[in-house]
Each structure stands twice: as structure tokens, then as C-alpha cells.
Amino acid sequence: MKLRRLTLALVAVSSAAGSQTYQRTDTGIIVVPARRPDSIVRLQVYGDGIIRVTEAPTKDLDLTHSLMVVAQPSAALSFSEAPGNVTLKTAKAAATVDLRTGRVSFRDADGRVVLAESGAPLFTPTSSEGVPFLAIRQQFNRGTNEGFYGLGQHQFGQMNYNGEDVELAQHNMDVAIPFVVSTRNYGLLWDNDSITRFGDPVPYPLAGASGDGLKVTGKDGAAGWTATYTVNGRVIAERQEPAVDLQYLENRKDWPAGTRAPDNSSTVPGLKVTWTGTIVPAATGLHRFRLYSSSYAKLFVDRRKLLDRWRQNWNPWYHNADVELTGGKRHEVRLEWEPNGGYIALLHRDPRPDADRHTLTLSSDFGHAVDYYFVGGRSIDEVIGGYRQLTGKAPIMPKWAYGFWQSRQRYETQDQLLSLLREYRKRGLPLDNIVQDWDYWPEDQWGCQCFDASRFPDPRAMVDEVHRSGAHVMISVWAKFYPGTANYRELDAVGGIYRNMVTPRRDEPVDDPNYIHGMYRDWIGKGYANAFYDPYNTRAKHIYSRQVIEGIGSKGFDAWWLDSDEPDFHSNLSVAERQRRMSPTALGPGAAFFNAYPLEHVEGVYDHMIAYRPDVRPFILTRSGFGGIQRAGAAIWSGDVASRWDNLREQISAGINFSMSGIPNWSHDIGGYTMEDRFLKPNAADLDEWRELNTRWFQFGAFSPIFRSHGENIHREIFEMSPEGSPTYRSMVWYDKLRYRLMPYTYTLGADTYFKDGTIMRGLVLDFAGDKRSWNIGDEYMFGPAFLVAPVTDYKARSRKVYLPAGASWVDFYTGSKIAGGRMIDAAAPYERMPLFVRAGSIVPTGPAIQFTGNDTHSPLTVNVYTGADGGFSLYEDDDVSRQYLHGQYSRIPFAWNERRKTLTIGPRQGSYRGMAGTRVIKVRWVRPGTPLNLDASDATITYTGAPITVRMR
């Protein structure tokens, strides 16, 4: 590992602080606490309101180079002293260090303490692969009542993380971003690349196992859970198990005889498992259960059903259930499961003291110091801007990326992809991007960056036809290689392959049919050994991108789908085994850099794509991310989620918190990636539910940053989902077309993520932090400053509760009716529409009906003014695809509505770009109370030449 060492040599004496000492530096201060004389606390200023704190239990400060942070320390600071402490100040924040204890606290610009360390950091010596490390922990704001958001993407249905526990570990569907923002208008970026935990610093133990506070007894008072295994109702095994623990591939040896197929590849058909037990908790309070499961699972406590979940058997995930239990009292627990070859485990955490539960605590498995950045601001938006100041700006996506994307798993031939694109154009359904998913290469050549000529005879011609149609094409590229390919050998020659993935271990389960030649084989054909490359290896990073450009980029593809970059080289391995197999990296043990893989991988591709086509905005879709991923032109999607109503609901809070983590472009598989068997050959009732689920998900997708349909097994094209004229078809077509009518508004939101460090998908707390009822709402959000979106997540629901925040009046998008804020309403939700409201005072520019974004060549613009409050909007325009906006090639047209005067002022155009129309036709529509939706109507028409003009409402 490459470490940077700071050794404290000189310590200055502060007369104001008596015998206490600290040292000033050009960018901050260094303190040796009197009560911890062997330790060091360093503060550095990185910008106005941004202060880095580094604490170590030694005066030698050993740190690896930050992978997340690209900013450098600055010197805009001042100092002040008081007895026992020293304060470092910037214009927006100040940090005070107690010279006796080393504890650091932070004040905002008004002098209020907003963040304070609750005690000294905890350092526990540990190691990985023989390399010494420290397990680290720091608690802040013990007993706080503030709201916490961000932390990446986590699909537990959580919104406000105060009182919650969140593990940050990359996994399919779970994205680790160690950045949290607070309603106190600060953020904290925790600079550590290993697995990190927010909240409870200790991993949840298995329920009833060693380390857990539950006493579990089963049948006849025997210790542990009574597990009953039946096949088609016949009991084939009953035994006492200390814990429900069939969680990983490594647990296959733990199944009882007769429960697995002869080749051990799956469970026998008709198998069901039931665990029963009486639990006696040691403590009274909030007990937290966490069920890790796939297939069908139900959890009951005292006959009350806490969980009823389904997931595809190859991709289980956690489901949270909190329940109040009485210490010393017996409680009955029952867990029912239909394995279908899947995985399961039941974890539990005893109650924690309220003050420790309601706190900001961060801990990491491997580090050399506590290293974090305080980011202060006057709003959460400003805080997110500070995060990007530290970790990199979010570049503007090409305009077409904000159109509609069609994808499926997968287009099997070149003709299949083109025929579906032609059908979209024939039907007049707007589309900007079609996606070629994996397995377009010869079966045994994963990583060749080539095409199977029998199925894709002329990829260049395929791309050319896509472009002639006005669309773009994205292609899936993995970081995975089969050992027999030339690309594998080239990477291996520079030490750029994780050899542990293809190197046998003596203790491997060699009787497992998924195991071959040192690793678990994949799911293609007969199954093949494979390994991922090491993006921490600079030479390998260059080679990888060159291979992709030469093999695929040369064919003209527009965008890159970097799938499975957690990396997920085989689902269902334990975390410890994943860490071993992706190790060693070029920087050190895989466990120490576990979370940073997607950042290193994606950023490497992004940089090389810019070098390859310097004036074209690269677009990357990736399944995982890390702090700073936004600077790599990346959008993240939520992974292989299930086609279930509860998964649809979980996408909303996952997307909101992900966006509040500082990464603005997010997506999800409309309809869910995979589905229950009942949807594959549905009866009439199941078909109706399938179509309604996809209809509601599509409505949500139309108001997501990236609007994208994808999934396996069932074809996801609009015309494949339901017949023309059906409610599903009509609704999908309506929202598809609406997305394009709103493109001037949406593209401006995209541009503002760069110019204003904006957030597209906005938790209500971003705009209404003063309304505490908004803090915990995770099933509605703002889409930019104007739209309040309330997706429908219940089957057959035709209305839903919607909270309209205080501080604004609201307009029903469809009817124009005006509603006061600060209350919950029953909003109409007919099958073909979801509740959608516009904040009074909003200005929403819309465009004409188009088939793709390139259709709109300076067409008339309609400016919809939602009266009732003052408002403004700054319309952004450029050439849609180049990087010339970085050099000032863009324009802004400012709009301002004055409610008292009833005037719309269109200000002078600011800036210009190549191809800009000097004159624009602008139509104005006044949306008064009761004005129904009509995107083709207008009340006034003007010719705008760039000079200011005022239009009065009549």
C-alpha cells in the first residue's frame, strides 16, 4: 500500500490556552490533545465552509491517497483562541478543537453548533492479509433529533436515517456513498474505502446465535430453532438449529440430507422450511430483525406478520422489521420459507439506548485514521454543492439521455434490436436510446470485446441505422474475462487480473457443481471460470479501456453500460469471500478498498472515452457507485430489483436518498428486473396485476432523472406490454409523450446539476426543511423545483394520500385546481394517471410533440406560468451533445413572474452557442385556478430576439 506520512515535528505554545498546545499550518491546525498525548488531530480548510478532520492514535499520520476527494486544501481561514480551545474559521463555518480532549465541534455561519464529536474516536487494531489496519469509529451529536439523508442507495424503504442502521457495502441493488446530509444544513463525507456502517457500528448477529441477546428455545424446550423441512407436505427432516443460517453458497454443506438435488445445484421441488421458536429477550424496547431471503418468506412474531416478501432466488436481499418486545417475556416466532434454490438468514439486534440510536455514528472495518470532511452551507442544496466541490462536478449529460430508453434482457440478434426500434418509429412512440445488453459475444469469449458474427454480422451497420432513425444505442460492457481470451492474457501480464478468482483453495467445496477450476463458474452455457480485472492497477485500467474502444467503441456506440461493477463476480458468496477473491488490489488488500471498485473502474472508462472522442459527452450507466462517481459522467440504476409492489415503493426512497448523496442522475428498471413465476404464464388476474404494476412503475419512471424500461423474461416494449388501446398502453404512451413535451424543463434541470450543483429528484426536505412533516416522507418527491410527484404503489389503488408541504400552494397538474399546502389530501389516482402537483409560482417551459430529442430544432416554446405566487426559471440551451458548454457555449433565457403585477418578464438572453437560433417563437399560457391541462393551448404569442420583453396576463 502507498501511504503518505505526516510526522509532527514542531508544536507551538498558545499563551491564551495556558499549557495546552497546537500548531498552525498554512491550511489549518494540528493539535496533540493533552489527554491523548500520543495522538494527533489535524484540521484543514478545503473551501468556504469545508473543513477536513483527520485523527489518528499516533503522531505519525499514515494515509493512502483519497480516491473520492479531488480538491486540494485552500488557505482562506482565520484563527481565534480561548482558554482550552482553538477555533479555525471560514466565512460559512467554524471548527473548534478542545485542546485537552481533541474533540472537534462545528458551528454554522450564525454561530450555532451543528455538529460535535461525542467523544474520542475509537481505534481497534486489526489486519487484512497480513497488513496492519485500524477499525475506526466516531460518534457525533448523541441524542440528536435532526434528519439524516444520503448514504447512497439502500432498499429498505427508509427515508430519514435518524434512528436507523445502514451498512455501506457494495452489492447488486445497494450502493455505498459515505456522505450524509443533515437538516441542520451540513454534510459529512467519511473518507474510507472499506465497508462502513452508519448507526450501529456492530454487524447484526444471527438471531439466537452467539453475540445475540435473544434466548431461543424450540420444540420440547430444546435450545435453538426447530427447523422442519417438508417436501409436498411430507416431513423429511426436523432438527434443532442454533440460527437460521443458509445465507451463502458456502452454506450448502449445512442443508439436511434429502433437501437438495443430487448435483447440489438447487433444492428439491416442493421443499418448504419452517423455523419455530420461543424467544425471551434480555431487554425491553425496540428489537430489530433483519431477514435476508430469496423466494417466498414470511416472518411472524406473536402471530403478527411482520414480513411477507419475495425475491428471485439468485439475488436475495435484506428486509427490515422492527418490533417492541418485553424483556424476560416469552414471544413466539415463526419463519416460513419456500426455498426454490434460494438463500435465507435471520438476524437480530437488541435495543440500543435512545441517545446512541439517535446519533450520527460512522465506523469502518479498515483504515489508518478517522478522516472526514465537514461541509457547511445555508441549505442542503449548498451542502451538496460543497460535496461536489470536494469530489468533482457532475458534467451535463447529452440531451438524448433524458429521453426514453428501451431495453430488455436481452436483444439476441442485430435484426431483433433493429426491428423493435423500427416498430417504435412506426407507431410514433418517442424513443431516444435503445440498449444492447450482455451476451452479444461468442459464448466462450466473455471479455473479448467482440461480437458473435452469426447473430451480429455487422455491428457498425446496426449502429448506423439506429443513428439514421434519430436514436442512440448503448451497449453493456463488463469488467469480467474468461481466461482463454487474449484480453485476459494481456491484462494478466501486467498483474491486472484478480487471480484469486481462478486459483484453487484446498478447502473449496469441490463437490459443488458450480465450482470449477478454482472458482464458482458463471451461468452461461455449461458455466465458465472467469475473473475481473483490477482497476486500481493503472496499466490494467489503460489496457481495459483500450480494448473496449478498439473492439466496440470503433463501431460507433454512443454510451456504455458498465454492469456488475460492485464487482459481483458471483452472486451469493459471503462478503468475506468476495473480499478475498478481489484481492490483492494494486493498492492493497481487497477488504480495505472494497467499496471503491466502481469509482476506479467507471472513472477510468470515462477518462479514456473523453480522450477517444474529446468533444462528445460520454454517457455511462453503472450498477454501483462511490463518492465522486458523479464526476465520471455516470448515471446509476438501482440494480436487479423484483417486480413487486413493495419493491416499487422501495425504489422511491432509495432514489431520493441516492440523489441527496450528491449524485444527480439515477434510474431503475421500469417494471422491476425479474418477476414471480405466476407472471410468466399468467392467468387473467395475474396478467391484470402485471400490467397495472408496469403501468404504475412507468408513470414513476417518466418523472425519474433517467427514464428507462428494462427487465428479463417478459418483453418490456410498450407495445409488448399490452394491446394498443388498452389502459396500460394508453397510459404508457401518454407519459412517454409527456416526458418529451417537458424536455425544455428537464434538460434545464440536467444542466443545473453542473452549473448550480442541482439535484433533479428532490426529497421534500430539500425545499421544505422548515416543515417537519416532510422529513420522513419517502414515497413522494419534487422533480426539480416545480413538480411534486406521488407514485402509486398499491395494487388497484385509485387514490392515495399525498402530503402537500407547507410554505406553498399547489396546483393539480391535470385539473388546475388549487390546494393550500401544509396538509394531507386524498388525491385521485385513476389507472392511467398518478397524482402530480405543481407548486404555485412555477414556470414550466414545454416543447412540441417530438419523436426524439434531435427532432426539436428551435421549435416554438410554450411557457406555462402557474399563477398564485412569484416565480422564476432560467431556461438552458446548448448544442445537446458536445463538451463546448465547458467553454461557455450555451445560452440562458431568464423568466420571472410577478404575481402582484400579473406580468411575465423574459429577460435578455445570456450567452450563445454554435447553431443557436437568434429568434424564437415563445407562447405563454397562464395556468389560473381551475385551468385544466392542455399542453397545446396558449394565451399569448411573442417573437423573442434575445432582448427583454414583458407580457401581461389578461
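1. Two strands count as paired here if DSSP finds at least two bridges between them. Keep that in mind for strand 25 (residues 295-301) and strand 28, which run antiparallel and are joined by six bridges. One more thing before going on: this is a predicted model.

2. Let's stay with strand 25 and strand 28 for a moment. Phe300 sits opposite Arg334 of strand 28, and Val301 has Val333 as its bridge partner there. Strand 25 is mostly covered, with five of its seven residues buried.

3. Strand 25 also pairs with strand 26 (residues 304-311): seven bridges join them, and the two run antiparallel. Here the bridge partner of Phe300 is Lys305, so to speak a second neighbour for Phe300 besides Arg334 in strand 28. Strand 25 and strand 26 make a hairpin with two residues between them, and Asp302 in that turn has a positive phi of about 50 degrees.

4. Which way do the side chains of strand 28 (residues 331-338) point? They alternate: His331, Val333, Leu335 and Trp337 are buried and point to one face, while Glu332, Arg334, Glu336 and Glu338 point to the other and are not buried. That fits the general pattern, since in a regular strand the side chains alternate between the two faces of the sheet.

5. Strand 28 has strand 23 (residues 271-281) as a partner too. Seven bridges join strand 23 to strand 28, and they run antiparallel. Ile279 stands opposite His331 in strand 28.

6. Now for another sheet. This one is open, has eight strands in the order 42-41-40-39-34-33-32-43, and pairs in parallel. Strand 42 (666-667) and strand 43 (707-709) are at the edges with a single partner strand each, so one side of each has no neighbour in the sheet. For strand 43, three bridges join strand 32 (residues 404-406) to it, with the two running parallel. Phe404 stands opposite Phe707 in strand 43.

7. Have a look at helix 6 (residues 538-551) as well. Its 14 residues reach 20 Å from first C-alpha to last, close to the 20 Å expected at 1.5 Å a residue. At the start of helix 6, a side-chain oxygen of Asn537 comes to within 3.0 Å of the backbone nitrogen of Arg539.

8. What covers the buried residues of helix 6? The cover includes strand 34 (472-477), strand 35 (480-481), helix 5 (486-493), strand 39 (559-562) and helix 8 (597-612). Among the buried residues of helix 6 are Ala540, Ile543, Tyr544, Gln547 and Val548. Strand 34 and strand 39 also belong to the open sheet of eight strands.

Methods. Residues are numbered from 1 along each chain as its sequence is written. This is a predicted model: local features need pLDDT of at least 70, side-chain atom pairs count only at pLDDT 80 or more; totals for chains, interfaces and linings use all residues. Side-chain values use heavy atoms; hydrogens and water are left out. Helices (H or I, at least four residues) and strands (E, at least two) are DSSP runs, numbered from the N terminus. The expected span of a helix is 1.5 Å times one less than its number of residues. Buried means under 20% relative accessible area, exposed over 50%, partly exposed in between (1.4 Å probe, protein chains only). Contact means heavy atoms within 4.5 Å. A polar contact is a pair of N or O atoms within 3.5 Å; within protein, one must be able to donate a hydrogen and the other to accept it, and residues adjacent in sequence count only if both atoms are side-chain atoms.
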